[in-house]
Amino acid sequence: MPQRPFEESIVTKFEGRMDYAGYLYLDRLFDCQHPLSDPPHHDEQLFIIQHQTSELWMALVVHELRAAIRWIQGDRLDPCFKILARVKHVQRMLFEQWSVLETLTPTEYLEFRHVLGNASGFQSYKYRLVEFLLGNKDRDAVAVFRHRPEIQAEVRSALEAPSIYDEFLLHLRRRGHAIPPEIAERDFSEPRESNEDVVKVFAEIYTNPHRSWDAYEMAEKLVDVEEQFLLWRFRHMKTVERVIGWKKGTGGSSGVPFLRRAVDQRLFPELWDVRTVLGK
């Protein structure tokens, strides 16, 4: 097999220079996996890396959603299209990661599950930020971060602030669409149900997309994000059922029943309801 020549221009001397490992802090990154099983169970490494990489992807989703919200607040929707397309692809990566964890059999997981104690994904503050930024608000969920005041403050701030969907509705109101006052002036820390007047606004946008093309495109990008989010939740539930069955979660939840209820929650209800009324 012919060997690829090592090009003379490739840099090999890095004394006093930035290198790849230094830029990415790889020494720290690879020192973050510390299995607690004794002796260390082979598959605990998989479990740790699976969840650490998920946290990194969710941190990127938080970064992107916050940027999109800033654009919407400035009444610029077009930069959000690429941002939300990226979020959709990151969500796809999170979805596919479950297939790796599903190689962990129930027997293998039981070998080290006890070392988790009460540690659970329910305590993931990056995931909670994603939920709150998307509008799935739950004041009770903030309590699990009481022992980490700075994180709790960040999560509470996201709880009380308008979600990306709230900001979109506020933008439509500023643009002259008939978003009712009770939507614009509500307590953003509370979950909300579908509103008929908002459905009518989206029905007008979808019926005449050429008049509000940016709003029409934004609506579809948000539906993309919600669909991927629900698929991720469903895959999470099935992975948990496959690995632990109907046992309770380590964080105290009912496990699969708790996750099943989450699959039925809607983030942007009017964007789904408008599909039923179109054409009537």
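**Exercise 1. Contacts of Phe202**

Task: Leaving aside neighbours within four places in sequence, find which residues Phe202 is in contact with.

Solution:
- Step 1. Leave out the neighbours within four places in sequence; Phe202 is then in contact with Tyr165, Phe168, Leu169, Leu172, Ala219, Glu270, Leu271 and Val274.
- Step 2. Keep in mind that this is a predicted model.
- Step 3. Turn to the largest nonpolar core, which has 67 residues. Phe202 is listed there with Ile164 and Phe168 as the residues that touch the most other members.
- Step 4. Ask where the core draws its largest share: helix α11 (residues 213-244) supplies 12 residues.
- Step 5. Set this beside the general rule. In soluble globular proteins, nonpolar side chains tend to be buried together.

**Exercise 2. Helix α11**

Task: Compare the reach of α11 with its expected span, then state what follows the helix.

Solution:
- Step 1. Count the residues: α11 has 32.
- Step 2. Take the distance from the first C-alpha to the last, which is 47 Å.
- Step 3. Compare. At 1.5 Å a residue, 46 Å is expected, and the reach of α11 is close to that.
- Step 4. Look past the end. Gly245 follows α11, and its phi is positive, near 65 degrees.

**Exercise 3. Salt bridges of α11**

Task: Trace the salt bridges that Glu102 forms with Arg235 and with Arg242, then examine the pair Glu220 and Arg275.

Solution:
- Step 1. Start with the total: the structure holds 18 salt bridges.
- Step 2. Take Arg235 and Glu102. Their closest N and O atoms are 3.4 Å apart. Arg235 sits in helix α11 and Glu102 in the loop between α4 (78-101) and α5 (106-110), so this pair links distant parts of the chain, 133 residues apart.
- Step 3. Check burial. Arg235 counts as buried because its relative accessibility of 17% is under 20%. Glu102 is buried too, at 15%.
- Step 4. Take Arg242 and Glu102, with closest N and O atoms 3.8 Å apart. Arg242 also lies in helix α11, so the pair ties together parts that are 140 residues apart in sequence. Arg242 counts as exposed, at 52% relative accessibility.
- Step 5. Move to Glu220 and Arg275, whose side chains meet at 2.5 Å, N to O. This pair joins helix α11 to helix α13 (residues 269-277), 55 residues apart. Glu220 is partly exposed at 28%, as is Arg275 at 34%.
- Step 6. Join the bridges that share partners: Glu102, Arg235 and Arg242 form one network.

**Exercise 4. Leu170 and Ala184**

Task: Decide whether Leu170 and Ala184 are buried or exposed, and state what each touches.

Solution:
- Step 1. Place them. Leu170 is in helix α8 (residues 164-174), and Ala184 is in helix α9 (residues 181-184).
- Step 2. Apply the cut-off. Buried means under 20% relative accessible area. Leu170, at 17%, is therefore buried. Ala184, at 16%, is buried as well.
- Step 3. List contacts beyond four places in sequence. Leu170 is in contact with Ala184 and Phe188. Ala184 touches Leu170 and Arg173.
- Step 4. Add C-alpha distances. Ala184 and Asp166 are 18 residues apart along the chain and separated by 7.8 Å. Leu170 and Pro181 are 11 residues apart in sequence and 9.8 Å apart in space.

Notes
Residues numbered from 1 in each chain as written. Predicted model: local features only at pLDDT ≥ 70, side-chain atom pairs only at ≥ 80, totals over all residues. Heavy atoms only, no water. Core = buried A, V, L, I, M, F, W, Y, C linked by side-chain atoms within 4.5 Å. Buried < 20%, exposed > 50% of the residue type's maximum accessible area, 1.4 Å probe, protein only. Helix = DSSP H or I, 4+ residues; strand = E, 2+ residues; numbered from the N terminus. Contact = heavy atoms within 4.5 Å. Expected span 1.5 Å × (residues − 1). Salt bridge = Lys/Arg side-chain N within 4 Å of Asp/Glu carboxyl O.
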